[in-house]
Each structure stands twice: as C-alpha cells, then as structure tokens.
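These are my notebook entries on a few things I wanted to look up, one after another, with the structure open beside me.

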Amino acid sequence: MKKLGVLGGLGPMASVYFLQLIVEMTQAGTDQEHIEILLHSVPQVPDRTRYILGQSGDDPVPQMVEAGKGLVAQGAQLLAIPCITAHYFQERLESRIGVPILNAVEETALYLRQAGIGHVGVLATDGTLSSRLFQTCFEKHGIECVTPDKQDQRAVMHLIYDNVKAGKPVEYPLFEAVSEQLFARGAQVNLLGCTELSLIGRDHGLGPGFLDVLEVLARKAVLCCGRLKEEYKNLITEAK
C-alpha cells in the first residue's frame, strides 16, 4: 500500500470528513487492512479564494509547500488536498513538493463522463468559478457547466463562509433554492464543488442528482492506496 499524505485544514472540518470517507470507503476486515494516512492540518494557510480574486496578497502556496514537503519527509508517496479551490495551485505545488497530488477536478470529469453526464451544475467558491477550474477541465471532456447567477452565487458564498466555516447552522432552504435553479437550467447533476458544501451533503438528506467532489477524491485515494467497497462505485445521489 502507498502511504497517503493529506494536506488538510482548508477547512479543518472538511479534512476530518475526508478521513472519515476514506475509512468508510475502504474494504477492510481488520485495522491493519486500512490505508496508512499522514495528516498535516494547517488552518493558517491564507484564504485561497481571496488570493485568486486579488483581494489579498498572501500567497497560500509557500505554507502548503512546506506542509507537503513535511508529509513527504515522513514517507507520503501521494498527496490529497481536501480543498477544491486549492487545486488552482496544483501545478505549482506538485513541482515544488515533488510527489503526485490527486486531482479532484480531473477525477470528477472522468467520473461524470463514464456516467454519461453532459451538463452539470457547479456549486463552488468565487475563486474556483473565476479561475474556471471546473469549466476548463470539463470542456476537454465534452461536459458543459451551469453556474449560479450573481445573486445565487452570493448565496453559495454565504453558505460556505457565514454558515459552515463560521460553525453556524446551515440555512438549508437557501441551498435547496440555488440547487433547484441549476437543475431548472439544464443541469443533470449538481456538484458539491467545495468541501464546505460536502459537509452540507453529509448533514442533510440531499435529493437525487448530486455528486460530492470530496467523495470523488476520497474514492480515488482508496483506489490508489487500498481496496474500494463495492457500494462506493456509484456516488451520484439517487431518489430515496
């Protein structure tokens, strides 16, 4: 088994959930059959969205590189970053850390293409959307992205920063309203394209047609480092 390094803390609770997903997805009959994971949680890494949008000059890459190199020094052979916006820096991080980093965006595109999905709604941070992380990648795979309008995107950011990151109760009707708008505009599947939104998916009974990008990342980590349970081959939510 490869040792998996997790560069976490972006945010902290999403990293905890990512580890939980890996454990739940792994086919293991004993403790010893689970994946060896090294976690470095670094909540002090500057905000990725603010940097991408030019609202802050604090580059998050140096601290992420330091944490990544520390994981490699401890034996990590493969890294995962449970923060979707941080994938904007993937090439810089890989070149400076020196080991492969799982790409949640690319893996999601591959998963959707295999599932025959051609139109997806993207719920993500302003930084992720403005950098066109999903749009550029998905276009290469023939997948069209549907993104929220300005008002709905403000609602998404409110849910991410003022609810989940702030440790406050989620205004779930607001999440439902934004999601329904994307479905109405042709999305076959809506992506939880931010790890804070993954926590909303964890805590609320989502209806059919959602795909959690954090689950895609955890699934890939298990496939690379362990054995995947059969029930996690399909990750798109279905009707209860």
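**Entries on a sheet and its helices**

I began with α5, which lies across β4, β6 and β7 and runs at about 145° to β7. I kept in mind throughout that I was reading a predicted model.

Next I asked in which order the strands of the open sheet are arranged. I found four strands in the order β5-β4-β6-β7, and their pairing is parallel. The edge strands are β5 and β7, the latter covering residues 210–212, and each of these two pairs on one side only. I also looked up the turn between neighbouring strands of this sheet, which is 35° on average when direction is ignored.

I then went to one edge of the sheet, where β4 and β5 run parallel and are joined by three bridges. For valine 120 I noted cysteine 145, in β5, as the bridge partner.

My following entry is on helix α7, residues 133–140, where I listed Leu133, Phe134, Gln135, Cys137 and Phe138 as buried. What covers the buried residues of α7? I noted that the cover includes the helices α5, α6 and α11 as well as the strands β4, β5 and β6. After α7 comes glycine 142, and I wrote down that its phi is positive, near 75°.

Last, I looked at leucine 223, which has its place in helix α11. Leucine 223 counts as partly exposed because its relative accessibility is 44%, a value that falls between the cut-offs of 20% for buried and 50% for exposed. I also checked leucine 223 against glutamine 114: they are 109 residues apart in sequence, and 16 Å apart in space from C-alpha to C-alpha.

How values were computed:
Residues are numbered from 1 along each chain as its sequence is written. This is a predicted model: local features need pLDDT of at least 70, side-chain atom pairs count only at pLDDT 80 or more; totals for chains, interfaces and linings use all residues. Side-chain values use heavy atoms; hydrogens and water are left out. Buried means under 20% relative accessible area, exposed over 50%, partly exposed in between (1.4 Å probe, protein chains only). Contact means heavy atoms within 4.5 Å. Two strands pair if DSSP finds at least two bridges between them. Axes are lines fitted to C-alpha atoms, for helices over the stretch in contact, and angles run from 0 to 180 degrees between N-to-C directions.
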